[in-house]
Amino acid sequence: MKKRVGLWWRPDYTAWFAADTATAIGVAVRSLAISLVGYAVSGSTVAAGWLGSASMIAQQVFGIFGGTYVDRHDRRTLIIVNAVVSMLCWGSVAGLLLTGGLRYSVLLAIAVVSSAVNGFLGSATDAMLKSIIDMRDYPKARSLNEGRDATVNMAGSPVGGFLYGVRPWLPFLITACMYAVAGVTAAGIRESHKHDATVRPEAGTAAPDVSADGGSRSFFKDFREGWSWSLHRTMLVMTMIVSALLNFGINGVQYGIQLHLVSAGMNGAYIGFINTGIFCAMLAGAFIANRMSDRLSAGPVVCVGFLFSCLAMVPLVCTSNYWVMLICNSLSALPFPIINAMMLGFVFAKTPDSMQGRITVTLTVPAQALSMFCSAAAGSLLPVCGFQRTILVFLIAMMVSAAIVVLYRPLRTIPRADAVSYTHLTLPTILRV
């Protein structure tokens, strides 16, 4: 029997992890700075809110087609192209701020272009992961990613706010540098696309024929195949619905808190500590996920996680105290890593390499559909309804998602990712639980 190689002894994985980490650092450093500079150049929470929504809309629209494109082309090359474009975009913002030439319209255009390219090519990173590691390591790799993201964002947001206070162009310059590092390290990944030979098609159906160079298949045939496969499975559709509602609620609360504090003139570093609290909780959640994700059934854990996040947000409907915001917002994020590791781990571990990009998109794009409007909704509601009522709107969405998870049995009873034998199932029956 061939000896199993640990994750950190796989050169392709370490190069992949380094590239993904550099990208995560860049995103973390600029995430708060975008809101700060958006409000600074516009003077309006509505305009600052639409900056985030316009970027998200561009990312999701282009992401619809991005998964199919990723499955048909060399994923390493796409990661490098995405990194180069992002480096140029955010380097331009740094340069314009340095020279005093940045306007809201220009910032909006750059943010939309960067998000559109990331939406089209960004799924290449996750799509590549399963082809460079052992399937049994997939839940652990997902947990490591959650922990890494938590660690990076824990420091990234307050650092970004602090750097913005020192010089507004600094966080964007660092972001550009991080994308440059991501492109260089991604070039070190040798195995960029590998087909899954263990999954056989059902009798009477044609085997997927997707090659790294696009092959002879029609782009739109591949596109239809991925969406049809996901949308014809009720459990996956329900997963999209509950994820969309939860994401809308959670992200709406985040934007509501951030824009409320920005408009109140709070120091950027203190605003960043709100995100630090979130990611401290996610780091703790990632530790729990890493220890438990391969032993517990996903369904019951997901149910508890959704309910916990809702309950943690309830005090924000009653007060706008900074410390209550910090504590409650942080606690709400505690279950996220184990939910992602177990529910998404189950889905992607059962998906063959040749469809990773498409299935990633067919799950994540619908799950983020409502979130595209979170920033604009929060920015528009705050001056009309006030902070507490704005939070209530988003909390109701979270509560509806939790109710669906608890009441819908297939979601409530999702097993572990390794509970069904991968090699003895055809693709269309893997997710019928």
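**Exercise 1. Aromatic pairs**

Find how many aromatic pairs the whole structure holds, then describe the pair formed by Y69 and F120.

*Solution.* Begin with the count: a search of this predicted model turns up five aromatic pairs in the whole structure.

Next, look at the rings of Y69 and F120. Their centres are 4.8 Å apart and their planes stand at 35°. Planes under 30 degrees apart would count as stacked and planes over 60 as edge-to-face, so this pair is tilted.

Now place the two residues in the chain. Y69 belongs to helix α2 (residues 45–72), while F120 belongs to helix α4 (residues 104–121), so the pair ties together parts that are 51 residues apart in sequence.

Last, check the exposure of each partner. Y69 has a relative accessible area of 25% and is partly exposed; F120, with 23%, is partly exposed too.

**Exercise 2. A second pair**

Decide how the rings of W90 and F172 are arranged, stacked or tilted, and state whether the two residues are buried or exposed.

*Solution.* Take the geometry to start with. The ring centres of W90 and F172 lie 6.0 Å apart with planes at 20°, so the pair is stacked.

Then locate the partners: W90 sits in helix α3 (residues 75–99) and F172 in helix α7 (residues 170–186). This pair links distant parts of the chain, 82 residues apart.

Finally, W90 and F172 are both buried.

**Exercise 3. Checking two helices**

Compare the expected span of α7 with the distance between its end C-alpha atoms, then do likewise for α4.

*Solution.* For α7, count 17 residues at 1.5 Å a residue, which gives an expected span of 24 Å. The end C-alpha atoms are 25 Å apart, which agrees.

For α4, there are 18 residues, and the reach from first C-alpha to last is 26 Å, close to the expected 26 Å.

You can also ask which residues of these helices are buried. In α7 they are L170, P171, F172, T175, A176, M178, Y179, A182, G183 and A186. F172, a member of the stacked pair, is on that list. In α4 the buried residues include L107, I110, A111 and S114.

**Exercise 4. The whole protein**

Describe the make-up of the protein: its helices and strands, its buried share and its surface.

*Solution.* Start with the secondary structure: there are 17 helices and zero strands.

Move on to burial. The protein has 433 residues, and 54% of them count as buried.

Then turn to the contacts. Among those with a separation of 6 or more, 86% join residues 24 or more positions apart.

End with the surface: the accessible area is about 17,600 Å², and carbon and sulfur atoms hold 67% of it.

**Exercise 5. A cavity and its neighbours**

Work out which residues line the second largest cavity, then follow Q258 to its contacts.

*Solution.* First, the count: there are two cavities of 30 Å³ or more. The second largest has a volume of about 40 Å³.

Second, the lining: Q254, I257, Q258, I271, I274 and N275. The elements giving two or more residues to this lining are α9 (234–263) and α10 (268–292).

Third, Q258. This residue is found in helix α9 and, at 11% relative accessibility, counts as buried. Its C-alpha atom is 6.7 Å from that of I271, although the two are 13 residues apart along the chain. Beyond its neighbours within four places in sequence, Q258 touches L32, S35, I271 and N275.

Fourth, step across to L32, which lies in helix α1 (residues 11–42). L32 counts as buried at 0% relative accessibility. With neighbours within four places in sequence set aside, the contacts of L32 are S157, G161, Q258, G268, I271 and G272. L32 and V159 are 127 residues apart in sequence, yet their C-alpha atoms are 9.5 Å apart in space.

**Exercise 6. One more residue**

Determine whether F336 is buried or exposed, and which residues are in contact with F336.

*Solution.* Place F336 to begin with: it lies in helix α13 (residues 336–349).

Then apply the cut-off. Buried means under 20% relative accessible area, and at 16% F336 counts as buried.

Now the contacts: leaving aside neighbours within four places in sequence, F336 meets I250, M282 and S309. Finally, the C-alpha atoms of F336 and F306 are separated by 8.7 Å, with their positions 30 residues apart along the chain.

Terms used: Residues numbered from 1 in each chain as written. Predicted model: local features only at pLDDT ≥ 70, side-chain atom pairs only at ≥ 80, totals over all residues. Heavy atoms only, no water. Phe/Tyr/Trp six-rings, centres within 6.5 Å; stacked < 30°, edge-to-face > 60°. Helix = DSSP H or I, 4+ residues; strand = E, 2+ residues; numbered from the N terminus. Buried < 20%, exposed > 50% of the residue type's maximum accessible area, 1.4 Å probe, protein only. Expected span 1.5 Å × (residues − 1). Contact = heavy atoms within 4.5 Å. Areas by Shrake-Rupley, 256 points an atom, 1.4 Å probe, with all protein chains shown as cover. 1 Å grid on protein atoms, 1.4 Å probe; cavity = no way out; pocket = protein on both sides within 12 Å on 5 of 7 lines; lining within 4 Å. Points joined across faces, edges and corners; volume = space filled by probe spheres on them.
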